[in-house]
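Q: Could you take a close look at one helix for me and walk through how it sits in the model?

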Amino acid sequence: MKKKVYSNLDEIVADVPDGARIMFGGFGGAGFPNNLIQALVRKGVKNITAISNNCGTRDGELGLMFKNNQITHIIASFPGPHANHFQERFAAEEVTLELVPQGILCERMRAAAAGLQGFYTTVGVGTEVAEGKEERVLEGKRCILEKPIHADFAFIKAHHGHGRKDDHCRSRRTRSPGFDRTGARDDARNLCAPYRAGERTPLCRIAPYRRKLCSTSRA
Amino acid sequence: MPDSAVQEKALLDKPRLTREQIAQRAAFELPDGAYVNLGWGIPNLIADYLPKEITVYFHSENGILGMGRRAKPGEEDYDLVDAMKVPVTLIPGASFFNQADAHLMTRGGHLDVAVLGGFQVSEKGNLANWKIPGAKGSGGIGGAMDIAAGAKKLIVCMEHVTKDGAPKIVKKCTYPLTGLECVDTIVTDLAVIDVQPQGLVLREVAPGWIPAEVQKLTGAALLTKGRVPEIHLR
C-alpha cells in the first residue's frame, strides 16, 4: 500500500507535476489548505489548472500561486474582492477564468465523483454562463447541460486525522464544508495537511476511495 | 435645463430611506418560521432588524443552517464564517454541511425566502447583480445564480437609482443577467414593488413621496391599485 503519512509537506507534493489539475477546498479565507499551497509554491510547479471557489486574498490562499504565476487556468465562482494577484494576471491575460455559479461548481465536481456525465439545470439559463451550452426544456423549464469537472488532485485542510492507523480526517465547522467533501470524493488523490505546524496530527496523504472524510460536525 | 430635468434633480435631492431602513422594511417581508438566505450588501443588514415576534432560520451557502448573529470581539472563530467570510455565531440546533448540500437547498426550492442585492431588475423580474459592464476585473457570481433559480420567494434590496441618478428598475436589463423572471419583490429606498404577471405593482412608497415621483425615477411602468400607502417603519 502506498505511503499515506508523511513527515513533511514538501514530500507530500513531490510528485505533483506541471500541468496538474488540482481542486482546492476552502471558502473565502476559511479552510484553504494553506500549508499545501505553500509547498506547491516552494516546489514551483507551473501551468496548474486550479478548481476553487475563490482566487485568494492578497498573498493568502491561492494568492501566492497567482503571484508566482503558477496557475494558468482557474475554474471558480467568486474570485473575491481582494484577489489582487489573480486580477493582475487576469488583466494581463496570463490566466484564463471559467466563472461558474457556486452550486453548479460543486455539483459538477460531485458529478465527476459520482460517475455522471453531466446534468441539466435551470441555473444560469439566459445568462453568460449558458453561452455555448446545450439547452433544452425539461418539465416545462428551460435548462442547460452542465458537464463534470475532473481533477488529478484534491487539496484539503483537516482539523485532525488519525494518520498512523487509517486515513480518516476531520474538519471543523465551516472550515471544511466549503468544497472539501465535494471535491475529495472525486477520484483525485486527496492531499490534506493539518492546519497548524506542530499540531499532534501527522501529515496525511489519502488514497482515493479509502477515506472517510469530515463527518458532519455538530454545532 | 428643461423643466423635467429640473424636477428630476429636485427629486434626487429629496430624502430617501437609508440602507438600514431598506433592510428594516425588507425584514417585515419574512414570514415566521421561514428558512432564509441573505446576500451581500443591504440584505446582510436584515438580520439586525427582525421583528421580535418572528423566528427565522438563516442559511449560509458556505454550509450553515441556523446561523446566529455576527460574532462579537473576542468571540470570533475564523472557522465559523458566513458567506461574506465574517465570523458569526450559531443558534441551538444549527448544522453544517458541504457546499453541494448547501446549494441543494438553494436550487431545490428549500429556501422560503432569499434576499439579494441588485444592480438592475427588469419589469419581468429579471435580475442583474454580478457584473457591471466595463468595470475592472473579472466579476464574480458566487451563489447568486443558484439562489435566484431556486428560492421560493426572491426579494431584491437595492437603491432605487444609481449614484448618477439612472433607474435601476428598468424595462430590460442591460447588465449581465443573474437569472430570468426570478424576482418577486423589490425593496428600495423609495418603494416596495411586487413583480406580478401584469407588470410591476407599486405597493408602498417612502415617507414624503408620491407614486408619480417614484415613477419618474423608475425605468419601467409602475401599476397602482388605489391609494399607495407610505412605508411604515416601527
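A: Here's a walk along that helix, then across the contact it takes part in, with a short stop elsewhere at the end. Keep in mind that this is a predicted model.

The helix to look at is H5 of chain A, residues 102–113. Start with its length: at 1.5 Å a residue, its 12 residues should span 16 Å, and the end C-alpha atoms are 17 Å apart, so the geometry agrees with expectation. Just past the helix comes Gly115(A), which has a positive phi, near 70°.

Now, how much of H5(A) is covered? Mostly covered is the answer, with 10 of the 12 residues buried. Going along the helix, the buried set starts with Gln102(A), Gly103(A), Ile104(A), Leu105(A) and Cys106(A), carries on through Glu107(A), Arg108(A) and Met109(A), and then takes in Ala111(A) and Ala112(A). Charged side chains are in that set too, including Glu107(A) and Arg108(A).

Glu107(A) is a good place to cross over to the other chain. This residue forms a salt bridge with Arg107(B), and the closest N and O atoms are 3.3 Å apart. Between chain A and chain B the count is two salt bridges. On top of that, the rule finds 12 residue pairs in polar contact across the interface, taking pairs with both residues at pLDDT 80 or more.

Which elements of chain A supply that side? Those giving two or more residues are helix H4 (84–91), strand S5 (96–99), H5 and helix H6 (180–183). H5(A) gives the largest share, six residues. Sorted by class, the side of chain A that touches chain B has 19 nonpolar, 17 polar and 10 charged residues.

Zooming out to the whole contact, 46 residues come from chain A and 38 residues from chain B. Interface size is often quoted as the accessible area lost when the parts come together. For chain A and chain B that buried area is about 3,200 Å², with carbon and sulfur atoms giving 61%.

One last stop, in chain B: Thr188(B) is in the loop between strand S10 (185–187) and strand S11 (191–196). Its relative accessibility is 0%, so Thr188(B) counts as buried. The side chain of Thr188(B) makes a polar contact of 2.8 Å with that of His160(B). Leaving aside neighbours within four places in sequence, Thr188(B) is in contact with Leu17(B), Ile22(B), Met158(B), Glu159(B), His160(B) and Ile169(B).

Definitions and conventions:
Residues numbered from 1 in each chain as written. Chains lettered and ligands numbered in written order. Heavy atoms only, no water. Helix = DSSP H or I, 4+ residues; strand = E, 2+ residues; numbered from the N terminus. Expected span 1.5 Å × (residues − 1). Buried < 20%, exposed > 50% of the residue type's maximum accessible area, 1.4 Å probe, protein only. Contact = heavy atoms within 4.5 Å. Buried area = accessible area lost by both parts, 1.4 Å probe. Salt bridge = Lys/Arg side-chain N within 4 Å of Asp/Glu carboxyl O. Polar contact = N/O pair within 3.5 Å; in protein donor to acceptor, adjacent residues only side chain to side chain.
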